[in-house]
Amino acid sequence: MIKLERTATALPAHGWQLLPLRFHRLDADLIVLTNLVGEHVFVTPGELSTVVDGTCADQELLARLRAAHLIQVPGETLPAELLAIKLRTRMQRLPDSTGLHIFVVTLRCEHTCRYCQVSRQSAAKNEFDMTEETAHRALELAFRSPSPQLKIEFQGGEPLLNFPSSAGSRPRPTG
Ligand code: SF4
């Protein structure tokens, strides 16, 4: 049986380079380092200084930074490739834009739910309704989305109190 052992390779001073990262100070003694895909490591300001100037001797910290793709050994290509794969996966929905469009066709509602977060208006105040013209324009905008699937959600208030705009939110016949 072959026994595989993980050998810790100690990094010498200046034996690493920074990968793209952001830093944010959480308080006087704590900074969070994050990369493009959200991997993160917490460090103290002193630790960050030594990592940046290449004098860090804390091998455990350097190992964590390498594992989170925040630093790499010069000449290594795998960390950047892994980072690129993760970033592509994370961003792959962007070319399709959003498929979800929410139409708030009225703020009127005849209910008084205690948890309501809407600027609810009484059922008589139809000046808070979306006009049919606006509904058509909003729908045309939604259909410009390159997403292969569209989901249109009607919200309010009570959307059925403005049924003409809700019902009118469908493509106009052309020709
Ligand atoms: S808008 Fe919705 S949550 Fe608010 S009172 Fe009406 S039904 Fe309830």
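**Exercise 1. How many nonpolar, polar and charged residues does the shell around the ligand have?**

Solution. The model is predicted. Start with the list: the residues around the ligand are C109, H111, T112, C113, C116, V118, R120, G156, G157 and E158. Next, sort them by class. Cys and Val count as nonpolar, Arg and Glu as charged, and Gly as polar. The result is four nonpolar, four polar and two charged residues.

**Exercise 2. In what order do the three strands of the open sheet stand, and which stand at the edges?**

Solution. Take the pairs in turn. β2 (residues 22-27) and β3 (residues 30-34) pair antiparallel over five bridges. A hairpin of two residues links β2 to β3. β3 and β4 also pair antiparallel, over four bridges. The order is therefore β2-β3-β4. β2 and β4 each have a single partner strand, so one side of each lacks a neighbour in the sheet. From one strand to the next, the twist averages 25 degrees.

Now trace I31 across the sheet. In β3, I31 is the bridge partner of R25. In β4, the bridge partner of I31 is V43.

Check the cover on β2. Of its six residues, the count of buried ones is zero.

**Exercise 3. Which residues make up the largest nonpolar core?**

Solution. The core has 10 residues: W16, L33, V41, V43, V51, C56, L62, L65, L70 and I71. Then assign elements. β4 (40-43) and α2 (59-67) each supply at least two of these residues. Finally, inspect V41. Leaving out residues up to four places away in sequence, V41 touches L33, R64, L65, A68 and L70.

Note on methods
Residues are numbered from 1 along each chain as its sequence is written. This is a predicted model: local features need pLDDT of at least 70, side-chain atom pairs count only at pLDDT 80 or more; totals for chains, interfaces and linings use all residues. A residue is near a molecule or strand if its C-beta atom, placed from the backbone, lies within 6 Å of it. A residue is buried if 20 or more other C-beta atoms lie within 10 Å of its own, exposed if 12 or fewer, and partly exposed in between; C-beta atoms are placed from the backbone. A nonpolar core is a set of buried Ala, Val, Leu, Ile, Met, Phe, Trp, Tyr and Cys residues joined through C-beta atoms within 7 Å. Two residues are in contact if their C-beta atoms, placed from the backbone, lie within 7 Å. Axes are lines fitted to C-alpha atoms, for helices over the stretch in contact, and angles run from 0 to 180 degrees between N-to-C directions.
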